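Colleague: Got a minute to go through this one with me? I'd like to poke at it bit by bit.

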Amino acid sequence: MQQPTTTYRLTVDLPDDEWQALRDLADARGAEPGELARESVRRLVALEESLTRADAMRLAMRHADLLRRLGQ
């Protein structure tokens, strides 16, 4: 059985032009502004995770010899 998901409320202050753009996009997509905001958060987090993973791999490859010696 799946446990219920905890949700949190976040208030974001947007200038009029950004709020209107978000509302217009939401309307065009048949969604609510909050849905698009949550989608944006998910995309940003996924992008940052991907960039961090790529940086970690790049550093691991650059310093593979040192990491191998430290592991001995």
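Modeller: Sure, below we go through the helices, the salt bridges, the pocket and the surface, and keep in mind that this is a predicted model.

Colleague: Start with helix 1, then. How far apart are its end C-alpha atoms?

Modeller: They are 20 Å apart. Helix 1 has 14 residues, and at 1.5 Å a residue it should span 20 Å, so the two values agree.

Colleague: And what comes just after helix 1?

Modeller: Gly30 sits there, and it takes a positive phi of about 70°.

Colleague: OK, salt bridges. How many are there?

Modeller: The count comes to five. One of them pairs Glu39 with Arg29, with the closest N and O atoms 2.9 Å apart. That pair links distant parts of the chain, as Glu39 is in helix 2 and Arg29 is in helix 1, 10 residues apart.

Colleague: Is Glu39 buried or exposed?

Modeller: Buried, because its relative accessible area is 18% and the cut-off for buried is under 20%. Arg29, its partner, is partly exposed at 46%.

Colleague: What else does Glu39 pair with in a salt bridge?

Modeller: Arg43, with the closest N and O atoms 2.8 Å apart. Arg43 and Glu39 are both in helix 2, four residues apart, so about one helical turn separates them. Arg43 itself is exposed, with a relative accessible area of 59%.

Colleague: Why does a spacing like that suit a side-chain pair in a helix?

Modeller: An α-helix has 3.6 residues a turn, so residues three or four places apart point the same way.

Colleague: Which salt bridge is there in helix 3?

Modeller: Asp65 and Arg69 meet in one, at 3.3 Å from N to O. They are four residues apart in helix 3, residues 64-70, so again about one helical turn lies between them. Asp65 is partly exposed at 42%, while Arg69 counts as exposed at 51% relative accessibility.

Colleague: And which residues do shared partners join into one network?

Modeller: Arg29, Glu39 and Arg43, through salt bridges that share partners.

Colleague: Switching topic: how much space lies in the largest pocket?

Modeller: About 640 Å³. It is lined by 16 residues, and Leu10, Val12, Gly34, Ala37 and Arg38 lie nearest its centre. Helix 1 and helix 2 (33-62) are the elements that give two or more residues to that lining.

Colleague: Which helix gives the most?

Modeller: Helix 2, with seven residues.

Colleague: You mentioned Val12. Where is it in the chain?

Modeller: Val12 is in the segment before helix 1, which runs 16-29. It is exposed, because its relative accessible area is 52% and exposed means over 50%.

Colleague: Which nonpolar surface patch does Val12 help make?

Modeller: One of about 410 Å², made by Leu10, Val12, Leu14 and Trp19. Leu10 and Val12 also turn up among the residues nearest the centre of the largest pocket.

Colleague: Last one, Gln20. Where is it, and how far is it from Asp65 in space?

Modeller: Gln20 is in helix 1, and it is partly exposed, with a relative accessible area of 36%. Gln20 and Asp65 are 45 residues apart in sequence and 53 Å apart in space, C-alpha to C-alpha.

Terms used
Residues are numbered from 1 along each chain as its sequence is written. This is a predicted model: local features need pLDDT of at least 70, side-chain atom pairs count only at pLDDT 80 or more; totals for chains, interfaces and linings use all residues. Side-chain values use heavy atoms; hydrogens and water are left out. Patches are made of residues with over 30% relative accessible area and no salt bridge: like charges are joined within 9 Å, nonpolar side chains (Val, Leu, Ile, Met, Phe, Trp, Tyr) within 5 Å. Accessible areas come from the Shrake-Rupley method with a 1.4 Å probe; for residues, only the protein chains shown count as cover. A salt bridge is a side-chain nitrogen of Lys or Arg within 4 Å of a carboxyl oxygen of Asp or Glu. Buried means under 20% relative accessible area, exposed over 50%, partly exposed in between (1.4 Å probe, protein chains only). The expected span of a helix is 1.5 Å times one less than its number of residues. On a 1 Å grid over the protein atoms alone, a cavity is a set of points where a 1.4 Å probe fits but cannot get out, and a pocket is an open set with protein on both sides within 12 Å along at least five of seven lines; lining residues have an atom within 4 Å of a point. Grid points are joined across faces, edges and corners, and a volume is the space filled by probe spheres set on the points.
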